Amino acid sequence: MSEPCLPSSGNFSGDDGTPVVEELTGTCLHLCIDMQRMFAEETDWRTPWMPRVLPRVEKLVAAHPDRTILTRFLPADRPGEGQGTWASYYERWASMTVQNLAPGLIDIVPSLARYAPPADILDKRVYSPWLGTDLDGRLRSRGVDTLVVTGTETDVCVLAAVLGGVDLGYRIILVSDALCSSCDEAHDALMVMYRMRYRHQVHTLTTEEVLERWR
């Protein structure tokens, strides 16, 4: 069912039969995952190297703001709220519930929020942007077949976005220098996994490589 576990150069020469990313067209959309103040600022969920990738994410948003969706992860309103393990999750992370967060921390970081509109904002209650939202319908109605994915965190919400997109048949362009995580080891492991196990469906390109291809 999966791709053979073989090493990959990362940007796909096509020598093993995987498609080469030569051009990104009007059927492409930028899905920017959870670039929110609560991950950028001093909270229990702070992602330390988000500031390092933010300028690259902003370049991609600025290039095609009308073809960008910015997702926001909405925490539970109060500790212990949620279905199943989410209830204990929000007991553990009580400081990150809406009632305990400072106003505005759920918002997209200002340098990206200024592009909305024309960029769209999609709110979600779980890691995946596909569950409990109309994301797939929005994309199908616009003729989108390719997603440029950036954001935080590589090994949590970005992972859920990528695998959900793969299951729905989208081609995924993962922007390797526009992703961040609070766990370096998990980030590195996920990048290896994408390149070795999902070569036909997930391509890794840098910000500049995406900009060169997306007209």
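The loop between β4 (146-152) and α6 (157-167) is where E153 sits; here helices are DSSP runs of H or I with at least four residues, strands are DSSP runs of E with at least two, and both are numbered from the N terminus. The bond leading into E153 from T152 is a cis peptide, with omega near -15 degrees. The model is a predicted one, in which local features need pLDDT of at least 70, side-chain atom pairs count only at pLDDT 80 or more, and totals for chains, interfaces and linings use all residues. Residues are numbered from 1 along each chain as its sequence is written, and side-chain values use heavy atoms, with hydrogens and water left out.

A cis bond also turns up between P117 and P118, this time with omega at about 15 degrees. P118 belongs to the loop that links α4 (110-113) to β3. Another backbone oddity is D34, which is not a glycine yet has a positive phi of about 55 degrees. Most residues other than glycine have a negative phi, and most peptide bonds are trans. D34 lies in the loop between β1 and α1 (37-40), and its relative accessible area of 0% makes it buried (under 20% relative accessible area; exposed is over 50% and partly exposed falls in between, using a 1.4 Å probe and protein chains only).

As for the overall fold, the chain has 8 helices and 6 strands. Read from the N terminus, they come in the order β-α-α-β-α-α-β-α-β-α-β-α-β-α. The strands form an open sheet of 6, ordered β3-β2-β1-β4-β5-β6 and paired in parallel (strands pair if DSSP finds at least two bridges between them). The edges are taken by β3 (120-124) and β6, each with a single partner strand, so one side of each has no neighbour in the sheet. On average, neighbouring strands are turned by 25 degrees against each other, direction ignored.

Within the sheet, β1 (residues 28-33) and β2 (residues 68-73) run parallel over 4 bridges, and L31 has I69 of β2 as its bridge partner. Helix α2 (residues 50-63) lies across β1, β2, β4 and β5, at about 140 degrees to β5 (axes are lines fitted to C-alpha atoms, for helices over the stretch in contact, and angles run from 0 to 180 degrees between N-to-C directions).

Strand β5 (residues 171-180) pairs with β6 in the parallel sense, again over 4 bridges, and V175 is matched with L205 of β6. Together with helix α7 (residues 184-197), β5 and β6 build a right-handed β-α-β unit; that is, with the strands pointing away from the viewer, the path from the first strand over the helix to the second runs clockwise. In a regular strand the side chains alternate between the two faces of the sheet. Strand β6 (residues 202-205) is covered on both faces, with V202 and T204 buried on one side and H203 and L205 buried on the other.

Taken as a whole, 47% of the 215 residues are buried. Of the contacts (heavy atoms within 4.5 Å) with a separation of 6 or more, 78% link residues 24 or more positions apart. The C-alpha trace spans about 55 × 35 × 30 Å along its principal axes. The radius of gyration is 17 Å, in agreement with the value near 17 Å for a compact globule of 215 residues (taken over C-alpha atoms; the rule is 2.2 Å times the number of residues to the power 0.38).
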